[in-house]
Amino acid sequence: MSDVTNERLVLSALVKNEEYLRKLIPYIKEEYFEDESEKRLFRMINEYAGKYNEIPDKSTLLVEAKNDRSLDDGRSERLYETVADVFSIVPSNNYDWLKKITESWCQERAVYNGLQEAIAIYQGE
């Protein structure tokens with residue numbers, strides 16, 4: 001298991017805490033994740049939860065990753081590792097704490113992304 005980052009904690013809580021998933025997923029955006037495998041995993045969780053109205057389990061996400069023809073072998077392997085790592089994390093049972101951490105992370109990422117966009121516009125990109 002790698003270090004627990006805010007991103008991995010959010011992903012772990014999404015797949016292990018139904019209340020968290022239902023209440024907070026509308027505020028979490030794909031672009032808040034910098035790592036491509038975390039971004040892809042979030043998209044898979046979001047799509048599955050939206051379609052089936054439940055939390056995807058590890059085997060479902062691994063099968064979805066395996067069936068994703070847009071991933072080359074290296075990206076596919078990193079996605080498998082990310083899924084395994086996310087499921088090895090035990091998020092806090094304290095919903096209020098998870099919510100506070102997630103809100104803070106979302107705000108930080110939104111500001112960071114906004115600044116990056118402003119810099120790109122300023123530089124004429």
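# Exercises on a six-helix predicted model

Arg-109 and Glu-34 form a salt bridge (a side-chain nitrogen of Lys or Arg within 4 Å of a carboxyl oxygen of Asp or Glu), with the closest N and O atoms 3.1 Å apart. The pair links distant parts of the chain, 75 residues apart: Arg-109 in helix H6, Glu-34 in the loop between H2 and helix H3 (36-52).

The model is predicted, so local features need pLDDT of at least 70 and side-chain atom pairs count only at pLDDT 80 or more, while totals for chains, interfaces and linings use all residues. Residues are numbered from 1 along each chain as its sequence is written, and side-chain values use heavy atoms, with hydrogens and water left out.

## Exercise 1. Burial in the opening pair

Classify Arg-109 and Glu-34 as buried or exposed.

*Solution.*
- Step 1: take the cut-offs. Buried means under 20% relative accessible area, exposed over 50%, partly exposed in between (1.4 Å probe, protein chains only).
- Step 2: Arg-109 has 9% relative accessibility, so Arg-109 is buried.
- Step 3: Glu-34 has 52%, so Glu-34 is exposed.

## Exercise 2. A salt-bridge network

State which residues are joined with Arg-8 into one salt-bridge network, and describe the bridge between Arg-8 and Asp-85.

*Solution.*
- Step 1: salt bridges that share partners join Arg-8, Glu-38 and Asp-85 into one network.
- Step 2: in the bridge between Arg-8 and Asp-85, the closest N and O atoms are 2.5 Å apart.
- Step 3: Arg-8 sits in helix H1 (residues 6-16) and Asp-85 in helix H5 (residues 73-88), so the bridge ties together parts 77 residues apart in sequence.
- Step 4: check burial. Arg-8 is buried at 12% relative accessibility. Asp-85 is buried too, at 7%.
- Step 5: place the bridge in the total. The structure holds nine salt bridges.

## Exercise 3. A bridge inside one helix

Find the helix that holds both Glu-18 and Arg-22, and give their spacing.

*Solution.*
- Step 1: both residues lie in helix H2 (residues 18-24). Helices (H or I, at least four residues) and strands (E, at least two) are DSSP runs, numbered from the N terminus.
- Step 2: they are four residues apart, about one turn of the helix.
- Step 3: their side chains meet in a salt bridge, 2.5 Å from N to O.
- Step 4: Glu-18 is partly exposed at 39% relative accessible area. Arg-22 is partly exposed at 40%.

## Exercise 4. Two residues of helix H3

List the contacts of Ser-37 and Arg-40.

*Solution.*
- Step 1: contact means heavy atoms within 4.5 Å. Residues up to four places away in sequence are not counted for Ser-37 or for Arg-40.
- Step 2: Ser-37 lies in helix H3 and is buried at 10% relative accessible area.
- Step 3: Ser-37 touches Arg-8, Arg-78, Leu-79 and Thr-82.
- Step 4: the side chains of Ser-37 and Thr-82 also make a polar contact at 2.7 Å. That term covers a pair of N or O atoms within 3.5 Å; within protein, one must be able to donate a hydrogen and the other to accept it, and residues adjacent in sequence count only if both atoms are side-chain atoms.
- Step 5: Arg-40 is in helix H3 and is buried at 15%.
- Step 6: Arg-40 touches Glu-47, Asp-68 and Leu-79.

## Exercise 5. A nonpolar patch

Name the residues that form a nonpolar patch on the surface.

*Solution.*
- Step 1: take the rule. Patches are made of residues with over 30% relative accessible area and no salt bridge; like charges are joined within 9 Å, nonpolar side chains (Val, Leu, Ile, Met, Phe, Trp, Tyr) within 5 Å.
- Step 2: Val-111, Leu-115 and Ile-119 form the patch, with about 270 Å² of accessible area together. Areas come from the Shrake-Rupley method with a 1.4 Å probe; for residues, only the protein chains shown count as cover.
- Step 3: Val-111 is in helix H6 (residues 95-122) and is exposed at 52%.

## Exercise 6. The whole fold

Give the secondary-structure count, then compare the radius of gyration with that of a compact globule.

*Solution.*
- Step 1: the protein has six helices and zero strands. The pattern along the sequence is α-α-α-α-α-α.
- Step 2: the globule rule is 2.2 Å times the number of residues to the power 0.38, and the radius is taken over C-alpha atoms.
- Step 3: for 125 residues a compact globule would have a radius near 14 Å; the protein has 15 Å, which agrees.
- Step 4: the C-alpha trace spans about 45 × 40 × 30 Å along its principal axes.
- Step 5: buried residues make up 38% of the 125 residues.
- Step 6: of contacts with a separation of 6 or more, 69% join residues 24 or more positions apart.
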